[in-house]
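I am opening my notebook on a two-part search: first for empty space, then for what holds the parts together. I shall write down what I looked up, step by step.

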Amino acid sequence: MEPFVWRVPKGTVPGMRVPGIVFATEEMATKAVEDRAVEQVANVATLPGVVTASYAMPDIHWGYGFPIGGVAATDPERDGVVSPGGVGFDIACGVRLIRSDLDWEADGREHIEHLVHTLGRRVPRGMGTKGRMRLTRDDVVRVLREGVRFPLSRGVGWDEDAEHCEDGGVIEDARPDHVSDRAIERGAPQLGSLGAGNHFLEVQVVDEVVDDRAATAMGLFEGQVCVMLHSGSRGLGHQTCTDFLREVDELMSSLGIVVPDRQLAYAPLGHDVAERYLGAMFAAANFARANRHLLTDAVRESFEAVLGRSARDLGLFLVYDVAHNLAKMEEHEVDGDRRMLCVHRKGATRSFGPGHRELPSRYRDIGQPVIIPGSMGTSSYVLVGTEEAASRSFASTCHGAGRAMSRTKAKKVMAPAELRNSLEARGITVAASQWRLLAEEAPYAYKDVSQVVDACEGAGLSRKVARLRPVGVVKG
Amino acid sequence: MTGRYEVLEHTADVGLRLTGDSPEEILEAAAEGLADLQGAWFPGQGQDVPLEVSAADLPGLLVRWVDEVLYLLESRDAVLGGVSVRQVDGGRAVGAVRLAARGDREPESMGIKAATLHRVRFERGPDGAWSADVYLDV
């Protein structure tokens, strides 16, 4: 259609109500076709009430139901639906960036080994680990309702942390009463733990500032030490999605509806199942924010222990926390009218432009910070949302590099020890809980994140602010 | 148990292809495959825990079975010592899993979150053998 924009016409699969739009370079788009991810973009376009287009961001790859990198908005006034598969199992999985006042060369380099291994000890990680906060059932219900306000009420974290989270750290429409006992049982021991798989924590250095004004608003400068962490709603979110996927699958069966991929099962907005799912999903999102909030506390403690100064003195402030697996009710323009839509982002990040009323005052003039982790050992980026993104992608952009290789293939390319040596040869200290599985997340298993963010900028979905490089990796 | 599993490639996640002489063997192979990917397969250890799941159809039953085993492993912080499926009758499966406390073991786990309905199948072939596919979210 135009540079970085590819159209998937109606009719590509039967029943498409809108076209598909893939934002990508030619190489990425070709790969997405081969990967069958474009077929998934077309499948999403069959959902009832879907408006404008089924979108995919440049980090698109094969998912289940929705592609990873998929964005779709449905209109409740036009028989729109919500699909738990369009959010995914790790509800509100997301990324946050913590900045510091430390200069890498002057204050950071000499401490990095000690720092990474201290983080490795203080950040609970791996499967089924016990989190940093012991919770009663009533406590979990409060986390589900209050998000980051719960740990704040226990004296964990700083008040300004909440302001720099998406939604101020809490979705007010959360309904803990719609979260199952099983989900609470799975989640209760895990609050404040990183998890496994592609979840990580990295010590990074700001390598290049591209947009001085936005970087200044975020408190970022070249040579600065930062920490990026990626985690989600742990077993509580996984079980919540499982519970509701079962319900919507049964609902589809009872209504005699067949979808192109059973994982696309949905409930009509306004239906009891949809309302309960939304309330439970928002509650799980609050759990995810509180989880990352507690991990931030572990980061601050670790820096204090290693550098012998208070976290405030070290300037360890939260830049922003934003999810990339979520569905939310947002106002957008469709056919010239402002409408409340249910925007699904599955492996995609919200990217509100400057002036949006939901942004904290610090960022209202520059747009919403978008935190984009690269693959392990490669650059990460800080972007900002654009006004243009509102009309191009329901204010959405990419969420990371995007996988290019399966886990089984990735493990065959390089042995764990070889990968560790290769990372350390590039000056990256690694603390992994599962060395044998490290290769699953190797850099070569992912697309080039720089090309992904360039494609986002080229398509007008977000703008680059700064590039960061890793100096320490703590893997789940 | 003569049911078998092999790992299916997926860009982001992972799948299991299951084969066996009966639907019971398919579910047994699914539990073993899941536990193996989670680094939690320790044959012979533990105590039997009865397990019963139901669904409207066989593919749905497979997804629920895997989800149930995953839930037990995680909520009980356990490893899997064995699995026995006594009967699959329409949309209902009755059996038992053997669970042992994880203890000090540090399983090298892929970090599976749930079974998905994506491309799920569970069917008997013309030769009478059973096969199934299930994809797991990582």
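Before counting anything, I note what a cavity is: a set of grid points where a 1.4 Å probe fits but cannot get out, whereas a pocket is an open set. I also note that this is a predicted model, and I keep that in mind for every entry below.

**Entry 1: cavities**

I looked up the closed spaces and found that the structure holds seven cavities of 30 Å³ or more. The largest cavity has a volume of about 510 Å³, and 35 residues line it, those closest to its centre being Asn198(A), His230(A), His324(A), His399(A) and Tyr446(A). I then asked which elements give two or more residues to this lining. They are three strands of chain A, namely E3 (54-64), E7 (200-209) and E18 (462-475). Sorting the lining of the largest cavity by class, I get twelve nonpolar, 13 polar and ten charged residues.

**Entry 2: the largest pocket**

Turning to the open spaces, I read a volume of about 550 Å³ for the largest pocket. Its lining has 26 residues, and the ones closest to the centre are Glu330(A), Glu331(A), Phe352(A), His356(A) and Glu358(A). Two or more lining residues come from each of strand E11 (325-334), strand E12 (337-346) and helix H12 (387-393), which belong to chain A. Of these, E11(A) gives the most to the lining, with six residues. By class, I find nine nonpolar, five polar and twelve charged residues around the largest pocket.

**Entry 3: the second largest pocket**

The second largest pocket has a volume of about 300 Å³. There are 22 residues in its lining, and those closest to the centre are Asp249(A), Glu250(A) and Arg262(A) from chain A, with Asp57(B) and Leu117(B) from chain B. The elements that give two or more residues are helix H10 (234-255) of chain A and helix H2 (58-75) of chain B. H10(A) supplies the largest share of this lining, seven residues. The classes here are twelve nonpolar, three polar and seven charged.

**Entry 4: where the chains meet**

Since residues of both chains appear around that second pocket, I looked up the contact between the chains next. On the chain B side 36 residues are in contact with 44 residues of chain A. The area buried between the two chains is about 3,500 Å², and carbon and sulfur atoms give 49% of that area. I also looked up the salt bridges between chain B and chain A, and the count is six.

**Entry 5: salt bridges in chain A and across the chains**

Over all chains the count comes to 52 salt bridges, and I picked out a few to follow. Glu105(A) and Arg109(A) meet through their side chains at 2.8 Å, N to O, and Arg109(A) is partly exposed, with a relative accessible area of 44%. Asp177(A) and Arg175(A) form another salt bridge, at 2.6 Å, N to O, and Arg175(A) counts as partly exposed at 38% relative accessibility. A third pair joins two chains, because Arg182(A) lies in helix H8 (residues 181-187) of chain A and Glu68(B) in helix H2 of chain B. The closest N and O atoms of Arg182(A) and Glu68(B) are 2.6 Å apart. Are these two partners buried or partly exposed? Arg182(A) is partly exposed, with a relative accessible area of 27%, while Glu68(B) counts as buried at 12%. I also noted a network of salt bridges that links Asp75(A), Arg78(A), Asp335(A) and Arg339(A).

**Entry 6: two buried residues**

Leu51(B) is in strand E3 (residues 47-54) of chain B. It counts as buried because its relative accessibility is 5%, and buried means under 20%. Leaving out residues up to four places away in sequence, Leu51(B) touches several residues, among them Trp65(B), Glu68(B), Leu72(B) and Val97(B). Leu51(B) and Val97(B) are 46 residues apart in sequence, yet their C-alpha atoms are 6.9 Å apart in space.

My last look-up was Glu146(A), which is in helix H5 (residues 137-146) of chain A. Glu146(A) is also buried, with a relative accessible area of 18%. With residues up to four places away in sequence not counted, Glu146(A) touches Gly169(A) and Val170(A).

Terms used. Residues are numbered from 1 along each chain as its sequence is written. Chains are lettered from A and ligands numbered from 1 in the order in which they are written. This is a predicted model: local features need pLDDT of at least 70, side-chain atom pairs count only at pLDDT 80 or more; totals for chains, interfaces and linings use all residues. Side-chain values use heavy atoms; hydrogens and water are left out. Helices (H or I, at least four residues) and strands (E, at least two) are DSSP runs, numbered from the N terminus. Buried means under 20% relative accessible area, exposed over 50%, partly exposed in between (1.4 Å probe, protein chains only). Contact means heavy atoms within 4.5 Å. On a 1 Å grid over the protein atoms alone, a cavity is a set of points where a 1.4 Å probe fits but cannot get out, and a pocket is an open set with protein on both sides within 12 Å along at least five of seven lines; lining residues have an atom within 4 Å of a point. Grid points are joined across faces, edges and corners, and a volume is the space filled by probe spheres set on the points. Ala, Val, Leu, Ile, Met, Phe, Trp, Tyr, Cys and Pro count as nonpolar, Asp, Glu, Lys and Arg as charged, and the others, Gly among them, as polar. Buried area is the accessible area (1.4 Å probe) that two parts lose on being put together, summed over both. A salt bridge is a side-chain nitrogen of Lys or Arg within 4 Å of a carboxyl oxygen of Asp or Glu.
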